[in-house]
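Ready for some hands-on practice with a structure you haven't met before? Take a look at it below, then work through the exercises one at a time.

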Amino acid sequence: LEDRTVVPVTDQPITCLVSDLSQNTPVTWIGPDNNEISESDTSNYVINQGDYILGSKAATLTIKTTKMAALSSGEVYKCKLKSSLYPTHSPDVVKEMTLSFFTLGVQTVNKEVETATDATISCIITGITKKLESVIWRKDGTDVTSLSGSNYVVSAGTFDSNFQ
């Protein structure tokens, strides 16, 4: 595992690469609270043990968006292995990864228009790594673009490098 900068608004996979195994050994994932992550916690995580091939495996923990929203930058995740052949006589092998959040920026573009004329409202979102699928405009917490009878036309814009 290597420290990584992530965008907290998408699912984030973390991969634990392990080699020099004499047999397939399960990987245990440890969360920032130092507790083992249960495979049954499917609302927050997806655990994939990976395939054992010629003494190596790549286990993956995917942190779901719902969990990402509750995390802070600098959280540490760990993958842990213990020999399944000699569980009482082998030390735990632990690898750590610190997640740092890549912060998104939103810059509104101000524009004045006369009364009773069409207005174009736009914003620039920075710090993204792929094109946004949609944009939602809100007024007082309400999505104004999907109100029935609204005269809004919304465009997600174009993606260029790390902004849209």
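Two residues are in contact when they have heavy atoms within 4.5 Å of each other. Keep in mind that this is a predicted model.

**Exercise 1. Find where T62 sits, decide whether T62 is buried or exposed, and list what T62 is in contact with beyond its sequence neighbours.**

Step 1: Start with the element. T62 belongs to strand 5, which covers residues 57-63.

Step 2: Check the accessibility. The cut-off for buried is under 20% relative accessible area. T62 has 18% relative accessibility, so T62 counts as buried.

Step 3: Skip the neighbours within four places in sequence, and T62 turns out to touch D11, Q12, P13, N44, Y45 and V46.

**Exercise 2. Work out which residues form the one aromatic pair and how their rings are arranged.**

Step 1: Know what to look for. A pair of aromatic rings is described by the distance of the centres and the angle of the planes.

Step 2: Count. There's one aromatic pair here. Its partners are Y45 and Y77, with ring centres 6.2 Å apart and planes at 70°.

Step 3: Classify. Planes over 60 degrees apart count as edge-to-face, so the Y45 and Y77 pair is edge-to-face.

Step 4: Place the partners. Y45 is in strand 4 (residues 45-48) and Y77 is in strand 6 (residues 75-81), so the pair ties together parts that are 32 residues apart in sequence.

Step 5: Check burial. Y45 is buried, at 6% relative accessible area, and Y77 is buried too, at 0%.

**Exercise 3. Describe the largest nonpolar core: how many residues does it have, and which strands supply at least two each?**

Step 1: Size it up. The largest nonpolar core has 17 residues. Those with the most contacts inside it include V27, L61 and our aromatic partners, Y45 and Y77.

Step 2: Trace the strands. At least two core residues come from each of strand 2 (12-18), strand 3 (27-30), strand 4, strand 5 and strand 6.

Step 3: Zoom in on V27. Again leaving out neighbours within four places in sequence, V27 is in contact with Q49, K57, A59, C79, K80 and L81.

**Exercise 4. Explore the largest pocket and say what lines it.**

Step 1: Get the volume. The largest pocket holds about 720 Å³ of space.

Step 2: Look at the lining. It is made of 25 residues, and A119, T120, I121, W137 and V153 are the closest to the pocket's centre.

Step 3: Find the contributing elements. Strand 9 (122-126) and strand 10 (138-139) each give two or more residues, and strand 9 gives the most, with four.

Step 4: Sort the lining by type. You get 14 nonpolar, eight polar and three charged residues.

Step 5: Follow up on I121. I121 sits in the loop between strand 8 (105-109) and strand 9. The cut-off for exposed is over 50%, and I121 has a relative accessible area of 59%, so I121 is exposed. I121 and V154 are 33 residues apart in sequence, and their C-alpha atoms are 9.6 Å apart.

**Exercise 5. Locate N34 and L54, and say what is notable about their phi angles.**

Step 1: Take N34. It's in the loop between strand 3 and strand 4, and its phi is near 65°, a positive value in a residue other than glycine.

Step 2: Take L54. You'll find L54 in the loop between strand 4 and strand 5. Phi of L54 is near 50°, also positive in a residue other than glycine.

Step 3: Add the accessibility. L54 is exposed, with a relative accessible area of 86%.

Terms used: Residues numbered from 1 in each chain as written. Predicted model: local features only at pLDDT ≥ 70, side-chain atom pairs only at ≥ 80, totals over all residues. Heavy atoms only, no water. 1 Å grid on protein atoms, 1.4 Å probe; cavity = no way out; pocket = protein on both sides within 12 Å on 5 of 7 lines; lining within 4 Å. Points joined across faces, edges and corners; volume = space filled by probe spheres on them. Nonpolar A, V, L, I, M, F, W, Y, C, P; charged D, E, K, R; others polar. Buried < 20%, exposed > 50% of the residue type's maximum accessible area, 1.4 Å probe, protein only. Phe/Tyr/Trp six-rings, centres within 6.5 Å; stacked < 30°, edge-to-face > 60°. Core = buried A, V, L, I, M, F, W, Y, C linked by side-chain atoms within 4.5 Å.
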